[in-house]
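Subject: Structure handover

Hello,

Here is the structure I said I would pass on. Please open it next to this message and follow along; what was found comes after it.

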Amino acid sequence: MENNASFFLGCDKSYRDAKTVLFGAPFDGTASFRPGARFAPSAMRTDSWGLETYSPYQDKDLSETFVIDAGDIELPFGNTKKVLASVQKFTGKVLADKKTPCMIGGEHLVTLGAFRAVYDEYPDVCILHFDAHTDLRDQYLGESLSHATVMRRIWDTAGDHRIWQFGIRSGEKAEFEWAKKHTFLTPFGFDGLKDAIHALAGKPVYFSLDLDILDTAVFPGTGTPEPGGVTFKELLGAVLLLKDLNIIALDVCELSPPQDPGGASTAAACKILRELLLLI
């Protein structure tokens, strides 16, 4: 394959033949600390060429899969609702074409747009959420649409006990208390993940990975770094456990390349995305 950083490594099939559609949502308009996640899709495409298409973890090769990198959605500046509507429309088209959408954020709010499209197609969908942060605030600085509120807005639609959260180590006390009644939240790591996978067996699952679940020593390139996270090996092990789930859509969010000029964070994001693409 010719090296072409306009698409993610190995994701060069035609749309007609593709079973998975990779696309970018370069938006960080509600970033609450350090912006830069809008640059993640392009940075990951470029740096993915430092990887091999082959995964020794799964004994699979991206060159043998049917994935297209459809590029980035064109998103308007300064209008969060239109951004979400654009993400929802594109995700809906992918689902209508009987393909699996895989989105590169962008900050985590873009998940809401994709989830809305998934919910329209799969009203019984459950959400598996890996993150450092609860993302369960009802508002952040008076705004109901924020990367700090994204899981609360998803709950507005999905309802109680449809959201499984792992790795959480940051949030207001009220968010943790609220989660006890409305979500399944596991702090700090992946204890109980196998039980969650058993509970989700056979159900349509939306998987959302906020990369700041990783420890800052491994992954400094994010807008809201939170010490005390999991190692890359722990995250990879958790991801590989998801192989038997019915993942009908997924996203990888919150890489901020400007925060890690050395590129280690982008490399980690690329490797996890490779494994996810092979997994589904």
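How do helix 3 and helix 4 run relative to each other, roughly parallel or roughly perpendicular? Before the reply, please note that this is a predicted model. Helix 3 covers residues 110–121 and helix 4 covers residues 150–158. Their axes lie 10 Å apart and the packing angle is about 15°. Angles under 35 degrees count as roughly parallel, and helix 3 and helix 4 are therefore roughly parallel to each other. Their crossing is right-handed. On the helix 3 side, the residues that meet helix 4 are Thr111, Leu112, Phe115 and Tyr119. On the helix 4 side, they are Val150, Arg153, Ile154, Thr157 and Ala158.

Next, the sheet. Eight strands form an open sheet with parallel pairing, in the order 4-1-5-10-9-6-7-8. Strand 4 and strand 8 are at the edges with a single partner strand each, so each has one side without a neighbour in the sheet. On average, neighbouring strands here are turned by 15° against each other, direction ignored. As background, strands of a sheet pair through backbone hydrogen bonds, either parallel or antiparallel.

Strand 5 (residues 100–105) is worth following through the sheet. Strand 1 (residues 20–25) runs parallel to strand 5, and six bridges join the two. Among the partners, valine 21 is bridged to proline 101 of strand 5, and glycine 24 is bridged to isoleucine 104. Strand 5 is also joined to strand 10 (residues 246–253), by three bridges, and these two run parallel as well. There, methionine 103 has aspartate 251 of strand 10 as its bridge partner.

Why is strand 5 described as largely enclosed by the rest of the structure? Buried means under 20% relative accessible area. Six of the six residues of strand 5 are buried, so the strand is largely enclosed. Thr100, Cys102 and Ile104 point one way, while Pro101, Met103 and Gly105 point the other way, and all are buried.

Helix 1 (residues 40–47) has buried residues too: Ala40, Pro41, Ala43, Met44 and Arg45. Their cover includes strand 1, strand 4 (67–72), strand 5 and helix 8.

Now the nonpolar cores. The largest has 51 residues, and the members that touch the most others are Phe8, Leu128, Phe130, Leu209 and Leu235. Helix 8 (residues 264–279) gives the most to this core, with nine residues. Leaving out residues up to four places away in sequence, leucine 235 touches Phe130, Phe190, Leu209, Ile213, Leu214, Val230 and Ile272. A second, separate core has 32 residues, including Phe27, Val87, Met103 and Ile127. Met103 is thus in this second core and is also one of the buried residues of strand 5.

Last, a loop. Is glycine 192 buried or partly exposed? Glycine 192 sits in the loop between strand 8 (184–187) and helix 6 (193–200). Its relative accessible area is 38%, so glycine 192 is partly exposed. Its C-alpha atom is separated by 9.0 Å from that of phenylalanine 166, and the two residues are 26 residues apart along the chain.

Regards

Conventions:
Residues numbered from 1 in each chain as written. Predicted model: local features only at pLDDT ≥ 70, side-chain atom pairs only at ≥ 80, totals over all residues. Heavy atoms only, no water. Core = buried A, V, L, I, M, F, W, Y, C linked by side-chain atoms within 4.5 Å. Buried < 20%, exposed > 50% of the residue type's maximum accessible area, 1.4 Å probe, protein only. Helix = DSSP H or I, 4+ residues; strand = E, 2+ residues; numbered from the N terminus. Contact = heavy atoms within 4.5 Å. Pairing = 2+ DSSP bridges. Axes fitted to C-alpha atoms, helices over the stretch in contact; angles between N-to-C directions. Parallel < 35°, antiparallel > 145°, perpendicular 65-115°, else oblique. Left-handed = near helix turned anticlockwise from the far one by under 90°.
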